[in-house]
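Hi everyone, thanks for coming. I'd like to walk you through one protein chain today, so have a look at the screen.

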Amino acid sequence: MEYLPVVSTYAQSIDDAILLIAVLVGFWTVLTFTLFFWLIFRYRARPGQRAGYVTGEERQPKRFITIAHMLVLVCDVFIVIAAIRVWVDVKQTLPTAPETQTVRVIGQQWAWSFVHPGPDGVLDTADDIKSVDELHIEVGRPYIYELVSRDVLHDFSVPAFRLKQDAIPGRIIQGWFEATDTGSFDIQCAEMCGIGHGLMPGRLVIETPEQHAAWMARQGQAAGRALLASGRASG
Ligand SMILES: [Cu+2]
């Protein structure tokens with residue numbers, strides 16, 4: 001069952017953790033409510049019979065609760081182990097492979113803008129490519145993102161990656177992703193950031209290395225033309 005495309009290396013592990021939680025919590029929820037309503041029905045007041053009243057102080061009913069409680073705690077241990085493993089991988093580890101690139105993601109009221117390192121692969125150099133509402137990346141390459149905000153709290157959310165990270169004014173927050181498939185996917189803001197919050201969607205365009213090189217070349221030409229035009233205007 002796929003309700004959302006799985007397009008990052010860690011998306012499936014996040015889905016698995018959520019499924020594990022849903023199954024374990026769902027099992028106990030259904031069991032508890034079934035038992036609860038059955039007991040209410042079974043021991044209800046009827047003509048000639050008063051409703052049963054259990055204080056919870058007797059040894060026998062207490063054991064009934066203690067054992068169930070212990071079993072729930074065992075399930076919790078499984079959930080905590082699964083959650084920590086995913087958390088460490090997604091939020092506390094950064095890729096170290098030499099092909100890793102860094103992109104800057106900037107949230108502001110109300111748009112996303114991006115700084116791509118350009119052909120030299122290094123951020124904050126002359127060939128950087130700046131774009132608004134559209135982030136172009138290469139499939140199969142690890143990226144570190146530097147997330148910043150120009151004004152208020154935003155949240156960089158890419159559902160197909162299962163990525164969600166708050167942007168906090170005054171901080172540079174690093175994280176990572178690696179796309180596993182090409183295509184065009186939603187970027188959203190997942191933090192109420194003002195009246196235009198719903199109007200700051202972006203697009204993530206994942207390209208093959210060839211497509212990505214062609215995109216960078218087009219951006220470079222456009223920047224060159226703009227530079228030429230401004231040179232002519234001022235000269
Ligand atoms: Cu926002």
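A quick word on terms before we start: when I say "domain", the bounds come from an automatic or database domain assignment. And keep in mind that this is a predicted model.

Okay, so what does the domain assignment give for this chain? We get domain 1, covering 11-91, and domain 2, covering 101-234. If you take the centres over C-alpha atoms, 44 Å separate the two domains.

Now for the inside. The largest nonpolar core has 28 residues. Val-105, Val-158 and Phe-161 are the ones with the most contacts inside that core. Which strand gives the most to it? That's strand S5, residues 142-149, with four residues. And here's a nice bit: domain 1 and domain 2 each supply at least three residues to this core.

Let's zoom in on Val-105. Leaving out residues up to four places away in sequence, Val-105 touches Trp-112, Phe-114, Tyr-145, Glu-146, Leu-147 and Phe-156.

Next up is helix H2, residues 59-91. H2 has 33 residues and reaches 46 Å from its first C-alpha to its last, close to the 48 Å you'd expect at 1.5 Å a residue. Is H2 well covered or hardly covered? Hardly covered: among its 33 residues, the count of buried ones is one.

Arg-85 sits in H2. Arg-85 counts as exposed because it has 12 other C-beta atoms within 10 Å, and the cut-off for exposed is 12 or fewer. Arg-85 and Ser-13 are 72 residues apart in sequence, yet their C-alpha atoms are 9.2 Å apart in space.

That's my tour, thanks!

How values were computed:
Residues numbered from 1 in each chain as written. Predicted model: local features only at pLDDT ≥ 70, side-chain atom pairs only at ≥ 80, totals over all residues. Core = buried A, V, L, I, M, F, W, Y, C linked by C-beta atoms within 7 Å. Buried ≥ 20, exposed ≤ 12 C-beta atoms within 10 Å, placed from the backbone. Helix = DSSP H or I, 4+ residues; strand = E, 2+ residues; numbered from the N terminus. Contact = placed C-beta atoms within 7 Å. Expected span 1.5 Å × (residues − 1).
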